[in-house]
Amino acid sequence: APPEVPSQRPSCHARGLTLVELMVALSLLAILAALAAPSFQSQLASSRLSATTNEVLGSLTQARTLAIRLGTRVTMCRSTSATDCDNTSGATWSSGWIIFQDAVRSGTAASVAAGDTVHFRQAAAPPDISVQGSGNAADFVSFAADGQSKAMGGSIQPGKLRVCSRSRWLDDNSRARDLQISANGRIAVEQPHNMAASCPVS
């Protein structure tokens with residue numbers, strides 16, 4: 001009879017990584033993470049800028065549409081309390097804003113009077129996002145029943161709201177968006193260039 005050949009069983013012991021191999025792998029992971037971090041942070045900053053811009057644009061559109069539908073004045077103003085307009089010096093739109101049916105108007109500043117209905121409240125913007133108004137839109141934007149942007153006294157009031165990111169991951173040509181409100185109440189979004197990280201408003 002032929003001699004028996006002993007069967008070979010697979011080894012149960014898999015070869016592990018050596019210390020040198022492990023260090024090389026960790027070094028490669030660290031390099032890849034360092035290369036990916038700026039791109040990831042840039043995407044996050046850009047996403048926050050776009051989200052806040054869309055919130056401002058959506059609110060302006062909502063206020064104008066509401067004014068036309070209800071046939072009355074509707075105002076959007078900056079607000080920290082979510083119940084009334086914030087007309088204090090140094091306040092910005094970054095703290096949030098409200099949209100309300102502005103049936104009662106007096107003086108030149110916007111305010112929620114007895115009988116006015118608040119239709120929408122927007123929370124504060126992310127910490128690295130600045131929302132500011134310039135010119136006639138510094139404190140509020142108000143739409144008449146015909147959709148035109150007007151001051152409290154009834155005169156035509158064009159203006160601009162600027163949404164800007166202070167993030168170091170965005171360059172000066174992509175960190176800001178301007179929402180231009182024309183006299184007829186229509187809103188156009190523009191991208192200003194050479195915008196410093198301090199986000200100035202002109």
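**Notebook: one helix, eight strands, two disulfides**

I began at L19, which I found in helix α1, a run covering residues 19-70. A reminder to myself before going on: this is a predicted model.

Is L19 buried or exposed? I looked up its relative accessibility, and at 61% L19 counts as exposed, because the cut-off for that word is over 50%.

I then asked which residues make up the nonpolar surface patch that includes L19. The members are L19, L22, M23, L26 and L29, and the patch comes to about 530 Å².

**Overall layout**

Next I stepped back to the secondary structure. I count 1 helix and 8 strands in the protein. Reading along the sequence, I get the pattern α-β-β-β-β-β-β-β-β, so noted here for the strands to come.

How much of the protein is buried? Of its 202 residues, 36% count as buried. I also looked up the accessible surface, which is about 11,400 Å². Carbon and sulfur atoms account for 56% of that surface.

I checked contacts too, taking those between residues at least 6 apart in sequence. Within that set, 58% join residues at least 24 apart.

**Disulfides**

How many disulfides does a search of the whole structure find? My search turned up 2.

One of them joins C77 to C85, with an S to S distance of 2.1 Å. I looked up the torsion about this S-S bond and got about -90°, so I have written the C77 and C85 disulfide down as left-handed. Both C77 and C85 are buried.

Another disulfide is formed by C164 and C199, with the sulfur atoms 2.1 Å apart. Here the torsion about the S-S bond is about -75°, so the disulfide of C164 and C199 is left-handed. Where do its two cysteines sit along the chain? C164 is in strand β6 (residues 159-165), while C199 lies in the segment after β8 (187-190). They are 35 residues apart, and the pair links distant parts of the chain. I checked burial for this pair as well: C164 is buried, and C199 is buried too.

Last, I wrote down the connectivity. Counting bonded cysteines along the chain, I read the disulfide pattern as 1-2, 3-4.

**Page summary**

For a quick return to this page, I have kept three items. L19 in helix α1 belongs to the nonpolar patch with L22, M23, L26 and L29. C77 is bonded to C85. C164 is bonded to C199, and that link reaches from strand β6 to the segment after β8.

Terms used. Residues are numbered from 1 along each chain as its sequence is written. This is a predicted model: local features need pLDDT of at least 70, side-chain atom pairs count only at pLDDT 80 or more; totals for chains, interfaces and linings use all residues. Side-chain values use heavy atoms; hydrogens and water are left out. Patches are made of residues with over 30% relative accessible area and no salt bridge: like charges are joined within 9 Å, nonpolar side chains (Val, Leu, Ile, Met, Phe, Trp, Tyr) within 5 Å. Accessible areas come from the Shrake-Rupley method with a 1.4 Å probe; for residues, only the protein chains shown count as cover. A salt bridge is a side-chain nitrogen of Lys or Arg within 4 Å of a carboxyl oxygen of Asp or Glu. Helices (H or I, at least four residues) and strands (E, at least two) are DSSP runs, numbered from the N terminus. Buried means under 20% relative accessible area, exposed over 50%, partly exposed in between (1.4 Å probe, protein chains only). A disulfide is a pair of cysteine sulfur atoms within 2.5 Å. Contact means heavy atoms within 4.5 Å.
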